[in-house]
Amino acid sequence: MLRFKQSSKNLFALSAVSLILTACGGSSNQDAKQAAVSPAPAPAIQAATAADVMSFTGKRQNYMISRLGSTYVIVDMVGGAAPISAPLTTNVLQFSDFRVNLRIGDKAAALSVTSLNNLIDLYVAFFNRVPDADGLSYWIDQVQAGMNESQIAESFYLVALQSPALTGYSSGMSNDDFIRIIYKNVLGRTGSTAPTAAEINYWSSQLKSGTPKGSMVRAILVSAREYANDATWGWVTTLLNNKLDIANYFAVQQGLSYLTLDDNITKTMAIAAAVTSTSTTAARDLIGVSGNPINSSLITPGTTGIYGSPDQLANICTPTGEKAWVRAHLDDVYLWYRDIVNVPATNYSTPASYFDALIVKSKDRFSFTDAQGSIDDYFQSGEDVSYGYSLVREGSKIRVRYVQPGSPADIAQLKRGTTLVSVDNTDLGGSLSDVQYDALFPPKAETHSFRVQDTNASTSRNVSMTSTTVTTAPVLQDQILNVNGKKIGYMVFTDHIRTAESPLVTSMRKFQTARIDDLVLDLRYNGGGYLYIANELAAMIAGTKVVNKVFEQLQFNDKHTDLTADNISYFYDTDTSNRFLPQLNLPRVFILTGSGTCSASESIINGLKPFMQVILVGDTTCGKPYGFVQTNNCKTAYFAIQFAGVNAAGQGDFTNGFSPLCRVSDDLNHELGNQSESRLSAALTYANTGSCPAAGFSPAPPPLDGSPIRDKSMQPWRNIKLLKSANMQAR
């Protein structure tokens, strides 16, 4: 038998309450009836002037309402109109299906959570419906005017008597029947779970002793929640709490009231009836308004600007919805959000083109978008569809920089320095057509014919290659060179992807076992990637001298000072499986650089500089002290620059790149790792003599004007400093 526990609080409520049934706050009982069941009970709402109400022709769901200080901004999600700010005098937004009470949030916040919940509970108990915002607003006013909860409960009971067909209450009903109605409305106990005779007798005796009916309902509500963890009756408490939650969502978070008296009664009753002890989904579906609550403590302060909350706009996969998300996302996280120049979203056919138009080009040449699938495949497994080569344009020539082992290019025996003369019988010496470019970088499995000329060969040859899924080997090679009695480790590292961790650790352990004297780290083609990989590699090079030291401090925009405070990344001493990393403990490191040394690769340079000698050989790096948190929406991956980074010494302004100590041109005529290759040779010379070789730099011919191999990258995501999440500590 479910017999409610009698706490001292409950006994006090039952024995000490005396009520005088008078008018509520100067209103009549008819006013109370209107407040409980009508959509517009409060005199201020009924007397609304044109300045108080802003009307819209569409349904509420078609608009995003965002609070900005003391005003509200309304965005038409379907029509694509520019955001509209509601005047400060506006109290109500009226749509074709709902009224939105803009003052309910502040009014509700003025009450304690307990007082607000008690008011909402009374709607459920006496009318078995959720409150509308206007009615709830009226009763909050009465509480503020001094009306206590017992008086309000009695007023609700009097109103319930006026509508017996809806509420089930009548003035002539017996005490037992009254208790049964409470069990039905409040506790959901009917049929097989209906109250037993003993339970009814228990509560009926309280009524016979003089407890007012309104107070009886309040006592049952309080007592019901004491069974929250009861194995048999816990579902009763859960049901009551679910009704409370959905009522709060409807009336307070969304501020909703229906437009007609009938709808405001029948539809709110239907919403309450759809709530079960296990779910509020059906009730939310009946409401039909989702996302972007105008009054919600669940939205972190600062994340909702004039363009709305990106979280609430996410996955509205229509052109208008996606563009609205893009604008809100940039307003929230973009490092230079204050400098964005607004352009009409309707001028752009795709969300990606709208994103690109909003980027601050004077400061940002890096932000981009791409298909989520290709990004995820690459950074998680190193997979992408290609021939497996990396190309560079030198004047009229397109040459191979390196080839992935086992790829179609490797099978075709393309080597570093090979020149692509033609594709599909079309010459590649001039500007490329789109057809040629797509043949060089096919997005799917395709077969094309090439004429190629190998380095130092006097004639060209024909090859055919079929693009396929190529798995990148992020560590192309590692070897130990014996130079003038010194052991020098040499490693070519191309991509900071998830699969780089294991081969990097293997290479470093190999160097540690060999007790190398110096390390030459070849990053000339490494555009970056995951920042945690850069951290691990730098920690293995420096060793014990950087334990408990700062690798990089990230700085987000002023809306996310919490992220700035949280993202101090110390040098790691373990890998992602919590295994200790090998430590070289070197006093210096040689790093081979080029214009493609970017982002996370530059973080290695910057992070190590306060703790050891970092000698750069090659060309100036790309200059990207910024990074991203990949953010997906509707199967598109968005990369807006979200943070800058500084090292332990507070240094991080390298937008012009890091200049090399030894400036040496790239040498495509020798394989990587060949001691005669110019950049490696220069590093070995410096390691032996302490000085750079003479005349080490002769720039390659510049690319042709408009060359897409210079101006466009098929994989912009290789030039990237990427966090797996906004919290960098989670690798």
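D619 is buried in this predicted model, with a relative accessible area of 17%. It takes part in a salt bridge with R663, in which the closest N and O atoms are 3.5 Å apart. This contact links distant parts of the chain: D619 lies in the loop between β24 (613–618) and β25 (626–629), whereas R663 belongs to strand β29 (residues 662–663), 44 residues apart. R663 is partly exposed, at 46% relative accessibility. Elsewhere, salt bridges with shared partners bring R416, D522, R524, D666 and E677 into one network.

Side chains of opposite charge can pair when their charged atoms come close. The structure has 20 salt bridges. One of them joins D177 and R180, with 3.0 Å between the closest N and O atoms. Both residues belong to helix α9 (residues 175–187), and because they are three residues apart, about one helical turn separates them. D177 counts as partly exposed at 36% relative accessibility, and R180 is partly exposed as well, with a relative accessible area of 41%.

A further salt bridge connects K559 and D331, at 3.2 Å from N to O. K559 is in the loop between β21 (550–556) and α23 (561–566), and D331 is in helix α16, so the contact ties together parts that are 228 residues apart in sequence. D331 is buried, with a relative accessible area of 9%, whereas K559 is partly exposed, at 22%. K559 also has a contact with an aromatic ring: its charged end sits over the ring of Y337, 4.5 Å from the ring centre. In a corresponding way, the charged end of R284 sits over the ring of Y249, 4.0 Å from its centre.

Helix α16 (residues 319–333) also contains W325, which forms an aromatic pair with Y638 of strand β27 (residues 636–639). The two residues are 313 residues apart, and the pair links distant parts of the chain. Their ring centres are 4.9 Å apart and their planes meet at 55°, so the pair is classed as tilted. W325 and Y638 are both buried.

In total, the structure holds 28 aromatic pairs. Among them is the pair of Y138 and W139, which is edge-to-face, with 5.2 Å from centre to centre and 80° between the planes. Y138 is buried, with a relative accessible area of 3%, and W139 is buried at 0% relative accessibility. Finally, Y387, Y389, Y437, F441 and F450 together make up one aromatic cluster.

How values were computed:
Residues numbered from 1 in each chain as written. Predicted model: local features only at pLDDT ≥ 70, side-chain atom pairs only at ≥ 80, totals over all residues. Heavy atoms only, no water. Phe/Tyr/Trp six-rings, centres within 6.5 Å; stacked < 30°, edge-to-face > 60°. Buried < 20%, exposed > 50% of the residue type's maximum accessible area, 1.4 Å probe, protein only. Helix = DSSP H or I, 4+ residues; strand = E, 2+ residues; numbered from the N terminus. Lys NZ or Arg CZ within 6 Å of the ring centre and 35° of its normal. Salt bridge = Lys/Arg side-chain N within 4 Å of Asp/Glu carboxyl O.
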